[in-house]
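Me: Please go through this model with me and justify the terms used for it. I would like each label set against its cut-off.

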Amino acid sequence: MIPRTLLIAARPFGASLDAERVARSIAAGLREGGWDADPCPIEGERSSAPVRALVQSPDFEARMRGARALVIAEPLLSEQTLAGTVAFELATRARQAGVPAYAVTGEDRLDSFDARILDLQTILRARTHRSLRVAGRKLAELV
């Protein structure tokens, strides 16, 4: 049976959109589209030791492997995203586990080659609570 849950690994999109609110907004859109969501807010600096410990934990790995797909919510995707950041780590782990990865970002500066390296199925742009919810609905249709 195919899992009906998507894991949402979300980072803050600014002062008014902390990681939890980003994850909840996308989850709301997914639920409207008939999917369950497993929000995983990731607070802190994107390359800090606590953040790395979270994404490398067996609990996170189990949650990701049990999900239909991983949604990476990152405020900015750029070539620098490929340089050992949490987004890169998440996309790599998803690819290695055979879990499709999707991205929601405030700003997409990746060229098609960089997106291919990350093995992202789709990159959606969203910057506000409302547009994050819409992105969740779009993901529900794509997954």
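The exchange below takes the sheet, the helices, the cores and a few residues in turn.

Reply: Bear in mind that this is a predicted model.

Me: What is the strand order of the open sheet, and in which sense do the strands pair, parallel or antiparallel?

Reply: The order is β2-β1-β3-β4-β5, and the pairing is parallel. The strands follow one another with a twist that averages 25 degrees.

Me: What makes β2 and β5 edge strands?

Reply: β2 (36-41) and β5 (120-125) each pair on one side only.

Me: How do you know that β4 and β5 pair?

Reply: Pairing requires at least two bridges between the strands. β4 (residues 101-108) and β5 have 4 bridges, in the parallel sense, so they count as paired. Within β5, leucine 124 is the bridge partner of valine 104.

Me: Which strands does helix α4 lie across, and how does α4 run relative to β3?

Reply: α4 (residues 86-97) lies across β1 (5-10), β3 (69-77) and β4, at about 160 degrees to β3. Angles over 145 degrees count as roughly antiparallel, so α4 is roughly antiparallel to β3. Helix α6 (residues 129-142) lies across β3, β4 and β5, at about 150 degrees to β4. By that cut-off α6 is therefore roughly antiparallel to β4.

Me: Why is α3 called oblique to α4?

Reply: The axes of α3 and α4 cross at roughly 55 degrees and come within 10 Å. That angle makes α3 oblique to α4, because it is neither under 35 degrees nor in the range 65 to 115 nor over 145. The crossing of α3 and α4 is right-handed. On the α3 side the contact is made by Phe60, Glu61, Met64 and Arg65, and on the α4 side by Leu90, Arg93, Ala94 and Ala97.

Me: Which residues have the most contacts inside the largest nonpolar core?

Reply: They are Ile42, Phe60, Met64, Leu70, Ile72, Leu90 and Leu120, in a core of 25 residues. Helix α4 gives the most to this core, with 6 residues. A second, separate core of 24 residues includes Ala23, Trp35, Val104 and Leu139.

Me: What does methionine 64 touch, leaving out residues up to four places away in sequence?

Reply: Methionine 64 touches Leu7, Leu70, Arg93, Ala94, Ala97 and Val99.

Me: Why does alanine 73 count as buried?

Reply: Buried means under 20% relative accessible area. Alanine 73, in strand β3, is at 0%, so it counts as buried. Apart from neighbours within four places in sequence, alanine 73 is in contact with Ala9, Ala10, Arg11, Phe13, Val22, Ile26 and Val104.

Me: How do you know whether leucine 139 is buried or exposed?

Reply: Leucine 139 lies in helix α6. Its relative accessible area is 0%, so leucine 139 is buried. Leaving aside neighbours within four places in sequence, leucine 139 is in contact with Ile26, Leu30, Val71, Tyr102, Val104 and Leu124.

Me: Why is aspartate 119 called partly exposed?

Reply: Aspartate 119 has a relative accessible area of 33%. Buried requires under 20% and exposed over 50%, so a value in between is called partly exposed. Aspartate 119 lies in the loop between α5 and β5.

Me: What is the phi of aspartate 119?

Reply: The phi of aspartate 119 is positive, about 60 degrees, although this residue is not a glycine. Most residues other than glycine have a negative phi.

Note on methods. Residues are numbered from 1 along each chain as its sequence is written. This is a predicted model: local features need pLDDT of at least 70, side-chain atom pairs count only at pLDDT 80 or more; totals for chains, interfaces and linings use all residues. Side-chain values use heavy atoms; hydrogens and water are left out. Helices (H or I, at least four residues) and strands (E, at least two) are DSSP runs, numbered from the N terminus. Axes are lines fitted to C-alpha atoms, for helices over the stretch in contact, and angles run from 0 to 180 degrees between N-to-C directions. Contact means heavy atoms within 4.5 Å. A nonpolar core is a set of buried Ala, Val, Leu, Ile, Met, Phe, Trp, Tyr and Cys residues joined through side-chain atoms within 4.5 Å. Buried means under 20% relative accessible area, exposed over 50%, partly exposed in between (1.4 Å probe, protein chains only). A crossing is left-handed if the near helix is turned anticlockwise from the far one by less than a right angle, and right-handed if clockwise.
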